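Hi everyone, thanks for coming. Please have a look at the sequence and the model on the screen, and then I'll walk you through them.

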Amino acid sequence: MNGTRNVNNKTCVYVGEELARYGFGNDHPFGPQRMYSFWDEAQRLGLDKQVNVCSPQIASQQLIELFHTHEYVERVKALSITGEGFLDCGDTPAFEGVFEAASFVVGSVLDAIRAIMAGECRRGFV
């Protein structure tokens, strides 16, 4: 095999309500309809039959803290309860449930990386 492994040439696409919840309002680029618009068009074109459709996965706080500090994660969790304020310097507003929604985005990305490394797919799209 010349040092290569047999890789599934498909793309893993993660779709689900858990990922759709990660949105910052109608006036933000990460608006609430972006995932549904994408998936509706993908299905209309038959692309859903050419990919591995995957369910969203949630990341533990421990995994999230491999990248973010514990203090930042706790801040996001607090803002997730109130739904007020910003997660950064002003372009990422908090909303109720933002921590859980973000945890599904992180978990899905990590699962896509795992699937790629395991040869289950060639690309991942969250």
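Let's start with a word we'll need: a residue is called buried when its relative accessible area is under 20%. With that in hand, buried residues make up 33% of the 126 residues in this protein chain. Please keep in mind that what you see is a predicted model.

Now the overall layout. The chain has five helices and three strands. If you read along the sequence, they come in the pattern β-α-α-β-α-α-α-β. The C-alpha trace spans about 50 × 35 × 20 Å along its principal axes. About 8100 Å² of the chain is exposed, and carbon and sulfur atoms supply 56% of that area.

How much of the contact picture comes from residues 24 or more positions apart? Among contacts with a separation of 6 or more, such residues account for 60%.

Next, the pockets. The largest pocket has a volume of about 360 Å³. Its lining is made up of 17 residues, and those nearest its centre are Tyr22, Ile64, His68, Ala102 and Val106. Three helices each give at least two residues to that lining: α3, at 61-64, α4, at 70-82, and α5, at 98-117. Which of the elements gives the largest share? That would be α5, with seven residues. As for the classes, the lining of the largest pocket has 14 nonpolar residues, three polar ones and no charged ones.

The second largest pocket holds about 220 Å³ of space. Its lining includes Tyr14, Leu19, Tyr22, Phe30 and Arg34. The elements that give two or more residues to this second lining are α2, at 34-44, and α5. Here the largest share, three residues, comes from α2. By class, the lining of the second largest pocket divides into 10 nonpolar residues, no polar ones and one charged.

You may have noticed one name coming up in both pockets, so to speak: Tyr22 is in the lining of the largest pocket, and Tyr22 is also in the lining of the second largest. Let's zoom in on that residue. Where does Tyr22 lie? You'll find Tyr22 in the loop between α1, at 17-20, and α2. Is Tyr22 buried or exposed? Its relative accessibility is 18%, so Tyr22 counts as buried.

Who are its contacts? Setting aside neighbours within four places in sequence, Tyr22 touches Phe30, Arg34, Phe95, Ala101, Ala102 and Val105. Take Ala102 from that list: Tyr22 and Ala102 are 80 residues apart along the chain, yet their C-alpha atoms are separated by 6.3 Å.

Last topic: the cysteines. For a disulfide, we ask for two cysteine sulfur atoms within 2.5 Å. By this rule the count is zero disulfides. Cys54 is a nice example to check by eye. The nearest cysteine sulfur to Cys54 belongs to Cys12 and is 4.0 Å away, and Cys54 is in no disulfide. Cys54 has 17% relative accessibility, so Cys54 counts as buried. Cys121 is buried too, with a relative accessible area of 0%.

If you'd like to try one thing on the screen, find Tyr22 in its loop between α1 and α2, and then look across to Ala102, with 6.3 Å between the two C-alpha atoms. Thanks for listening!

Definitions and conventions:
Residues are numbered from 1 along each chain as its sequence is written. This is a predicted model: local features need pLDDT of at least 70, side-chain atom pairs count only at pLDDT 80 or more; totals for chains, interfaces and linings use all residues. Side-chain values use heavy atoms; hydrogens and water are left out. On a 1 Å grid over the protein atoms alone, a cavity is a set of points where a 1.4 Å probe fits but cannot get out, and a pocket is an open set with protein on both sides within 12 Å along at least five of seven lines; lining residues have an atom within 4 Å of a point. Grid points are joined across faces, edges and corners, and a volume is the space filled by probe spheres set on the points. Helices (H or I, at least four residues) and strands (E, at least two) are DSSP runs, numbered from the N terminus. Ala, Val, Leu, Ile, Met, Phe, Trp, Tyr, Cys and Pro count as nonpolar, Asp, Glu, Lys and Arg as charged, and the others, Gly among them, as polar. Buried means under 20% relative accessible area, exposed over 50%, partly exposed in between (1.4 Å probe, protein chains only). Contact means heavy atoms within 4.5 Å. Accessible areas come from the Shrake-Rupley method with a 1.4 Å probe; for residues, only the protein chains shown count as cover.
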